[in-house]
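Biologist: I would like to learn how to read a model of this kind, feature by feature. Where should we start?

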Amino acid sequence: MIRESASAVSFGVDVRCTVDGGQWFAPLTGKTVSFSRLLDIDHTVPLANAHRSGAWAWSSQNKEDYFNDLSFDGHLIAVALTVSRSRGASGPEDWQPPYMGYWCEYAVNWIQVKAAWNLTATADEWSALENMLGMCSADLAIEIGEPVTVAETPAGSALPTPTPTLSPTPAPTSTPLATSEPTPTPFPTPTPVPVPGATPTPVPPPTPTPTPRPVSTATLAPTPTPTPAPVPTPTPMTKQEVEALAALRVEGLVGVYLPGIDLSGANLPAANFYGAYLAGADLTGVNLVGAKLQRADLSGADLTNADLRFADLNEANLRGANLTGANLTKATLSQADLSQANLTEAYLLTTRMFNTNFTGTNLARADWKNAFCRDPAVELGFLCTLEELKAAGALVALTDPPHGFSGKAVINFDIAPLGTPVTATIGSTEVAATTVTTDGDYKFRIHQPAGQSYVGKEITFKVGGFAAAATATWEAGKEDVLNLLTPGR
C-alpha cells in the first residue's frame with residue numbers, strides 16, 4: 001500500500017504501524033482516495049466466483065496460492081469500500097465498474113485471471129465481457145472462442161470438461177495501451193482439473209568465499225550520525241469520509257485519531273467511536289444517536305445541541321466539553337469524566353450517570369432531577385438529588401421548571417435543513433434559541449428568569465428568520481410537541 005500511493009503516505013497515531021493517509025487510485029470508480037480506511041484490496045475475480053468456476057476442486061494449497069497471487073498486477077486491485085460491498089461475488093454479467101473508462105482493462109484482467117487459472121465461465125459472462133471489450137481501443141484485437149456454459153455445480157460434483165475459450169492476441173501497433181493496462185498474452189488450454197502449477201525458481205550455486213588478504217591498518221574517518229527522516233504528519237479525515245465509514249457500520253472509526261476535526265452537523269447515528277481521540281472537535285448539532293463512544297476522549301469538544309440519545313459514553317473523557325442543549329436522553333455516562341463540562345440546558349431524561357465525575361460540572365437549567373445517579377435495578381432511590389450533585393462538586397441550583405417545546409421545523413412545506421435557527425420570543429425578548437438537527441427536529445426550553453414572570457404570556461416562534469404560524473402560552477413545567485410551519489417569506 002505504501003508503494004502504490006501516488007504521494008508520501010502518512011501514519012496513524014501508532015506511527016509506522018498503520019498507514020493512514022496517501023493518494024490511491026481506485027480504478028473501479030476512477031477516483032483518488034486519500035484515506036486508507038476507505039479502501040479494500042479485492043480480487044478482480046472474486047473468490048466465490050472463482051469457486052463456482054472450478055476452484056471448488058482445488059487443493060487447499062491451490063486456493064491459498066490464488067488468494068495471495070501477486071504475479072499479475074490485475075489479480076488484486078484497490079477497491080473503494082462501498083463498491084466492494086455492492087459488487088460482492090458478482091461477475092461482469094451482473095455488475096460492471098461504475099467508471100466506464102476502466103471497462104476495457106477490467107475485462108482484459110478478468111480474462112487473464114480466468115485463463116491463467118483455468119477457470120470456466122458462463123455464456124452470459126462472456127457476452128458481458130465482449131460488451132466491455134468494446135470500450136478498448138482499435139489497437140487491441142482479442143479473439144473470443146465459443147463460450148463454455150457452466151451450470152453452478154456443488155463441490156464434489158464433476159464439471160464438464162472446459163474447451164478452449166479465449167485467446168487474446170495483441171495486434172502489433174506503434175501505440176501502446178492505456179497506462180498500467182496489461183498486454184494480453186495467449187492463454188493456455190484449460191485442463192479438466194484446473195490446478196495451476198508453480199515453477200520453482202532455480203537456486204544458483206553458492207559463490208565461494210575468497211581467502212582474506214591482510215590489509216594495512218588505516219585510520220577511519222568518524223561516521224556521521226544520520227539525521228532521522230521526519231515522520232509524516234497524518235492526513236486528517238474529512239467529514240464526508242467519517243460519515244461514509246459510520247454508514248458502513250464497520251470498525252474504521254474505532255480508536256481513530258481526529259483531534260480538532262470539524263464534524264459540525266454530521267450524520268453519524270450508531271457510529272462506533274470506541275476509544276477514539278476527538279479532543280477539541282467541533283461536534284455542534286451532530287447526530288450521534290445510539291453511537292458507541294466508550295472510552296473516547298472528547299475533552300474540550302463542542303457538543304452544543306448534539307443529539308446523543310441512547311449514546312454509550314461509558315468511561316468517556318468529557319472534561320471541559322461544551323454540552324449546552326445536548327440531548328442525552330437515555331444515554332450512558334457512567335464512570336465518565338464530566339469535570340468542568342458545561343451541561344447547561346442539557347436533556348438528561350433517564351440518563352445514567354453512575355460514578356460520574358461532576359467536579360465543576362455546570363448543570364444549570366438541565367433536568368438533572370430526571371437523571372439516574374444509581375442503578376434503578378438495584379436501588380429504589382435512583383434519581384439524582386441536589387444535595388449529592390453539589391457534594392460531588394457540580395454547579396447546580398433549584399429553579400422553577402421551564403416550559404419545553406419540541407417538534408418539526410418546516411419551511412414552505414419542506415423539512416427545514418440541518419442547522420436552521422429556531423427562536424422563541426416573548427414580547428420583544430428572545431427567550432430561547434436552537435438549531436434544527438436531523439429530520440427537521442428542534443428542541444428547547446424556555447426558562448423563567450429570577451424575579452420575572454412568564455405565566456400566561458404569549459410565545460411566538462421563528463424558523464430561519466421567518467415567523468411561524470403557531471404560538472403558545474408559557475406554563476411552568478409543561479412539555480409541548482409543537483410543529484412550526486412557516487411560509488418562508
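Modeller: Start with exposure. Buried means under 20% relative accessible area, exposed means over 50%, and partly exposed is in between. Keep in mind that this is a predicted model. Take Ala-433: its relative accessible area is 48%, so Ala-433 is partly exposed.

Biologist: Where is Ala-433 found? And what is Ala-433 in contact with, beyond its neighbours within four places in sequence?

Modeller: Ala-433 belongs to strand β11, residues 429-435. Outside that sequence window, Ala-433 contacts Val-422, Thr-423 and Phe-444. Arg-445 is 12 residues from Ala-433 in sequence, and their C-alpha atoms are 8.8 Å apart.

Biologist: Arg-445 also turns up at a pocket. Which residues lie nearest the centre of the second largest pocket?

Modeller: Asp-367, Asn-370, Pro-402, Arg-445 and Glu-479 do, out of 22 lining residues. By class, that lining splits into 8 nonpolar, 6 polar and 8 charged residues. The space in this pocket comes to about 440 Å³.

Biologist: Now the whole protein. How many helices and strands does it have?

Modeller: The count is 7 helices and 16 strands. The protein has 489 residues, and 44% of them count as buried. For contacts, look at sequence separation. Among contacts with a separation of 6 or more, 42% join residues 24 or more positions apart.

Biologist: Let us take one helix. Which residues of α6 are buried?

Modeller: Helix α6 spans residues 239-248, and its buried residues are Glu-241, Val-242, Leu-245 and Ala-246. They lie on the same side of α6, because they cover an arc of only 135° around the axis. The face turned away from that buried side carries Gln-240 and Ala-247, which are exposed.

Biologist: What follows just after α6?

Modeller: Arg-249 does, and its phi is positive, about 55°. Here is the general idea: most residues other than glycine have a negative phi.

Biologist: Which residues in the loop between α6 and α7 have a positive phi although they are not glycine?

Modeller: Gln-335 is one of them, with a phi of about 60°. Gln-335 sits in the loop between α6 and α7, where α7 is residues 386-391. Arg-365 is another non-glycine with a positive phi of about 60°, and Arg-365 is in that loop too.

Biologist: Are these two residues buried, exposed or partly exposed, and what are their values?

Modeller: Gln-335 is partly exposed at 47% relative accessible area. Arg-365 is also partly exposed, at 41%.

Biologist: Ala-266 lies in the loop between α6 and α7. Is Ala-266 buried or exposed?

Modeller: Its relative accessibility is 0%, so Ala-266 counts as buried. Setting aside residues up to four places away in sequence, Ala-266 touches Lys-239, Glu-243, Val-286 and Asn-287. Consider Val-286: it is 20 residues from Ala-266 along the chain, yet their C-alpha atoms are 4.9 Å apart.

Biologist: Last, a hairpin. In what sense do β13 and β14 pair, parallel or antiparallel?

Modeller: Strand β13, residues 458-463, and strand β14, residues 466-473, pair in the antiparallel sense over 5 bridges. To follow the register, pick a bridge: Thr-460 has Thr-471 in β14 as its partner.

Biologist: And which residue of this hairpin takes a positive phi?

Modeller: Gly-464 does, with a phi near 60°. The hairpin has 2 residues between its strands.

Methods: Residues numbered from 1 in each chain as written. Predicted model: local features only at pLDDT ≥ 70, side-chain atom pairs only at ≥ 80, totals over all residues. Heavy atoms only, no water. Buried < 20%, exposed > 50% of the residue type's maximum accessible area, 1.4 Å probe, protein only. Helix = DSSP H or I, 4+ residues; strand = E, 2+ residues; numbered from the N terminus. Arc of directions from axis to C-beta. Pairing = 2+ DSSP bridges. 1 Å grid on protein atoms, 1.4 Å probe; cavity = no way out; pocket = protein on both sides within 12 Å on 5 of 7 lines; lining within 4 Å. Points joined across faces, edges and corners; volume = space filled by probe spheres on them. Nonpolar A, V, L, I, M, F, W, Y, C, P; charged D, E, K, R; others polar. Contact = heavy atoms within 4.5 Å.
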